[in-house]
Amino acid sequence: MVSPNQILILFAHPALEKSRINRHLIQAVKGMDSVTIHDLYEAYPNLEIDVKFEQDLLLAHDIIVFHHPFYWYSSPAILKEWQDLVLEYGFAYGHSGTALRGKKFLSAITTGGSEQAYRREGYNRFTIRELLIPFEQTAYLCGMEYLPPFVVHGTHQLREQHQIAKYAKDYRYAIAALRDNTIDWESLRQCQHLNQIQDGVIEIREIPHHA
Ligand SMILES: Cc1cc2nc3c(=O)[nH]c(=O)nc-3n(C[C@H](O)[C@H](O)[C@H](O)COP(=O)(O)O)c2cc1C
């Protein structure tokens, strides 16, 4: 049996007590085998990031997830600080900076703006894939494969509990498939969003068997 991928979820929400969506998403992946959740604001309330600890965590995992609400077309501040400090020259990039090579990278984000807003003719003018290009290129520079992002759009419109619960379930399902290698990686690479797993666009070879 192929061993499962070790997944590291770097979670960044500066006000989790006010969260309507992300707290359900993160709850849905808690306690899963081979999935480490690292809540950055909880670990570093003063933004004093332990670089060595973070680099060791990265080394111990195969798939790195940045999970956060979309703030000003990017991430909350701590994740930028994390990138500036942890993705060091000689570790993540540069001649001898090969520590992350061959790993996979995933953005898991929630946006206030609807899917229609993230179109050329929408008020955000760019697609979410375009706006995530800094993350994509960062992953590329570090030798990681950038996966199609998991995106929850239109969070302000999500009023019903069952709608939020559906996204939470989708997220758990996607993380389980990435962990268990049950995903058809080639069909995944053709997709815009990892969410398309639920529409059957991304083939799942077998039912995930871990918790
Ligand atoms: C400081 C700040 C900046 C934001 N910037 C954006 C943005 O650029 N695009 C967008 O679609 N939503 C934006 N939002 C809305 C958040 O993405 C939305 O509230 C969040 O995804 C909801 O998740 P939560 O319920 O877990 O907090 C912003 C919200 C805040 C507080």
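This report covers the ligand site, a surface patch, the salt bridges and a few individual residues of a predicted model.

## The ligand and its surroundings

The ligand has 17 residues around it. Ser19, Arg20, Asn22, Thr110 and Tyr118 come nearest. Several polar contacts involve the protein backbone. A polar backbone atom of Arg20 sits 2.7 Å from an oxygen atom of the ligand. Phe70 offers a polar backbone atom too, at 2.8 Å from a ligand oxygen. At Gly112 the partner is a nitrogen atom of the ligand, and the distance to a backbone N or O atom is 3.1 Å. On its own, the ligand has 630 Å² of accessible area, and the protein covers 74% of this.

## Thr111

Thr111 belongs to the loop between β4 (104-110) and α5 (128-131). Is Thr111 buried or exposed? Its relative accessible area is 1%, so Thr111 is buried, the cut-off being under 20%.

Thr111 has contacts well beyond its sequence neighbours. Leaving aside residues within four places, Thr111 is in contact with Phe70, Tyr118, Ile128, Val151, Val152, His153, Gly154 and Thr155. Two of these partners also appear in the ligand site: Phe70 through its polar backbone atom, and Tyr118 as one of the residues that come nearest to the ligand. Pro69 is 42 residues from Thr111 in sequence. In space, their C-alpha atoms are 6.2 Å apart.

## The loop between β3 and α4

Trp72 is found in the loop between β3 (63-69) and α4 (77-86). Tyr73 lies in this loop as well. Together with Tyr71, these residues make a nonpolar surface patch of about 410 Å².

How do Trp72 and Tyr73 stand in accessibility? Trp72 reaches 79% relative accessibility, so it counts as exposed, the cut-off being over 50%. Tyr73 has a relative accessible area of 36%, so it is partly exposed. The backbone of Tyr73 also deserves a look. Tyr73 has a positive phi of about 60°, although it is not a glycine.

## Asn5 and Ser34

Asn5 is placed in the segment before β1 (7-11). With a relative accessible area of 14%, Asn5 is buried, because this value is under 20%. Its side chain reaches the backbone oxygen of Leu178 at 2.9 Å.

Which residues does Asn5 touch, not counting those up to four places away in sequence? They are Ser34, Asp62, Ile63, Leu178, Arg179, Asn181 and Trp185. Asn5 thus meets residues from several parts of the chain, among them Ser34 and Trp185.

Ser34 is found in the loop between α1 (22-28) and β2 (35-39). Ser34 is not a glycine, yet it has a positive phi of about 65°.

## Salt bridges

How many salt bridges does a search of the whole structure find? The search finds ten. The table lists some of them, with the distance between the closest N and O atoms.

| Acidic residue | Basic residue | Closest N and O atoms |
|---|---|---|
| Asp84 | Lys80 | 2.8 Å |
| Glu115 | Arg119 | 2.6 Å |
| Glu186 | Arg189 | 2.6 Å |

Asp84 and Lys80 both lie in helix α4. They are four residues apart, about one turn of the helix. Asp84 has 46% relative accessibility and counts as partly exposed. Lys80 is partly exposed as well, at 44%.

Glu115 and Arg119 are a further pair. Glu115 has 34% relative accessibility and counts as partly exposed. Arg119, at 32%, is also partly exposed.

Glu186 and Arg189 both lie in helix α8 (residues 185-189). Here the spacing is three residues, again about one turn of the helix. Glu186 is partly exposed, with a relative accessible area of 47%. Arg189 counts as partly exposed at 38%. This pair belongs to a network: salt bridges that share partners join Lys104, Glu145, Glu186 and Arg189.

Definitions and conventions. Residues numbered from 1 in each chain as written. Predicted model: local features only at pLDDT ≥ 70, side-chain atom pairs only at ≥ 80, totals over all residues. Heavy atoms only, no water. Patch = residues over 30% accessible without salt bridge, like charges linked within 9 Å, V, L, I, M, F, W, Y side chains within 5 Å. Areas by Shrake-Rupley, 256 points an atom, 1.4 Å probe, with all protein chains shown as cover. Salt bridge = Lys/Arg side-chain N within 4 Å of Asp/Glu carboxyl O. Helix = DSSP H or I, 4+ residues; strand = E, 2+ residues; numbered from the N terminus. Buried < 20%, exposed > 50% of the residue type's maximum accessible area, 1.4 Å probe, protein only. Near = heavy atom within 4 Å. Polar contact = N/O pair within 3.5 Å; in protein donor to acceptor, adjacent residues only side chain to side chain. Contact = heavy atoms within 4.5 Å.
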